[in-house]
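Please look at the sequence and the model shown below. This report goes through one part of the fold, strand by strand, and then turns to a few single residues.

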Amino acid sequence: MTPRRGVALLAALWLVVAIAAVGLQLALEAREHRQLALSVAERTRARAAALGAAATVQARLERALRMPTITSGASALRAADPWLDADSLFSGVDTIGGVVVEVRVHDLGTRLNLNELGEDQLRTFLGFVLDDYLAADEIAQAVTDWRDRDETARPRGGERAEYEERGLLALPTNTAFGDVDELQQVIGMTPERFALVAPYLTTHGDGRINLNAAPEPVLRALPGMTDALVLRLLALRSNGQRLARVTDLVGGQGMSQAAARRWTRMSTVDTREVELTLVAHAGPQAVPVRMDVIVERGNGATSTIAWRSWP
């Protein structure tokens, strides 16, 4: 073999290697693009299925509102509030277009809106749940500082300077909480305390408390709520009864008309808003898509007032 032929052969080999390398790179890019396209398609399919499941549940909620009114017997309790126990009645699993969608429903009137609670209400609620009024006072002030727009810290709360001094990475946003998980970043809140209070909180809804369904810690947050009133509400439920009007509870309790009107604004006796949490699984390898939808009750109909999804 002459030197010239050896050089030509070597050049040919390098050319083959270069072509193979380019081909491999193109194949890898094509595979990556295909996986990305499949991922986008799966997310789109999952979102569509979640929306379909939300529409299905909303139709069930509307149908419940149109059921005939019953004036006596055990069914009268359900007829008075067709969405009573919405958590158990409307939660479940649906399959939409081959996509499995888990649906969880809860009455927003059974939770406290973290962004609507005043400092005193927060203190009362936290003190009852945590059974530690010093911690409750600290967290209530810290939560209020986190939400307000100024940089003046309360005596036991904290603004940006106090968080930086403690070396904390999360700083107060001086705006409303985006979700309940954000509460974990507040001064004084530990994982153990968060686990106790989180089930009773939300960042959605108009903040009105459902007197016929809210658990005791939520009822306790109502200004003017007493042990006697709480016991009366719980006794009514245990006997299969309910309040027909808010004024039935506050009437005759020595409350002023102004206080009674305040209760009427802050509470209700039926389920007015429900939150649907939908998790759609487009496939075993696909990232689940979550969607939150809030449905508001009207006169025989419903309306979707907010929704968001991720990823």
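What follows describes a sheet in a predicted model and some charged residues in the same chain.

**The sheet**

In general, the strands of a sheet pair through backbone hydrogen bonds, in a parallel or an antiparallel way. Here 5 strands make an open sheet, and their order across it is β1-β2-β7-β8-β9. The pairing is antiparallel. At the edges lie β1 (92-96) and β9 (302-310), each of which pairs on one side only. From one strand to the next, the twist averages 25°.

The table lists the neighbouring pairs, with the number of bridges and one pair of opposite residues for each.

| Strand pair | Bridges | Residues opposite each other |
|---|---|---|
| β1 and β2 | 5 bridges | Aspartate 94 and valine 101 |
| β2 and β7 | 8 bridges | Valine 103 and leucine 278 |
| β7 and β8 | 8 bridges | Alanine 280 and valine 289 |
| β8 and β9 | 8 bridges | Valine 293 and tryptophan 307 |

A further pair can be named between β1 and β2: isoleucine 96 stands opposite valine 99 in β2. These two strands form a hairpin with 2 residues between them. In this hairpin, glycine 97 has a positive phi near 60°.

How enclosed is strand β8 (residues 289-297)? It is largely enclosed by the rest of the structure, because 7 of its 9 residues are buried.

**Aspartate 107**

Strand β2 covers residues 99-107, and aspartate 107 belongs to it. Which side chain of opposite charge is nearest to aspartate 107? It is that of arginine 297, 8.5 Å away. A salt bridge needs a side-chain nitrogen of Lys or Arg within 4 Å of a carboxyl oxygen of Asp or Glu. Aspartate 107 is thus buried but has no salt bridge.

The side chain of aspartate 107 does have a polar contact, at 2.9 Å, with the side chain of asparagine 210. Apart from neighbours within four places in sequence, the residues in contact with aspartate 107 are Asp87, Asn210, Ala213, Thr271, Glu273 and Val274. Of these, Glu273 and Val274 fall in strand β7 (residues 273-281).

**Aspartate 270**

The loop between β6 (267-268) and β7 holds aspartate 270. Is aspartate 270 buried or exposed? Its relative accessible area is 13%, and the cut-off for buried is under 20%, so aspartate 270 counts as buried. Leaving out neighbours within four places in sequence, aspartate 270 touches Asp81, Asn210, Arg242 and Arg297. Asn210 is also in contact with aspartate 107.

**Arginine 47**

Arginine 47 sits in helix α1 (residues 3-65). Its relative accessibility is 28%, so it counts as partly exposed.

Where do the contacts of arginine 47 lie, once neighbours within four places in sequence are set aside? They are Val289, Met291, Ser309 and Pro311. Val289 and Met291 are within strand β8 (residues 289-297), while Ser309 is within β9 (302-310). Arginine 47 can also be placed relative to leucine 278: the two are 231 residues apart in sequence, and their C-alpha atoms are 9.6 Å apart in space. Leucine 278 is the residue in β7 that stands opposite valine 103.

Notes: Residues numbered from 1 in each chain as written. Predicted model: local features only at pLDDT ≥ 70, side-chain atom pairs only at ≥ 80, totals over all residues. Heavy atoms only, no water. Helix = DSSP H or I, 4+ residues; strand = E, 2+ residues; numbered from the N terminus. Buried < 20%, exposed > 50% of the residue type's maximum accessible area, 1.4 Å probe, protein only. Lys, Arg positive; Asp, Glu negative; His and termini not counted. Polar contact = N/O pair within 3.5 Å; in protein donor to acceptor, adjacent residues only side chain to side chain. Contact = heavy atoms within 4.5 Å. Pairing = 2+ DSSP bridges. Axes fitted to C-alpha atoms, helices over the stretch in contact; angles between N-to-C directions.
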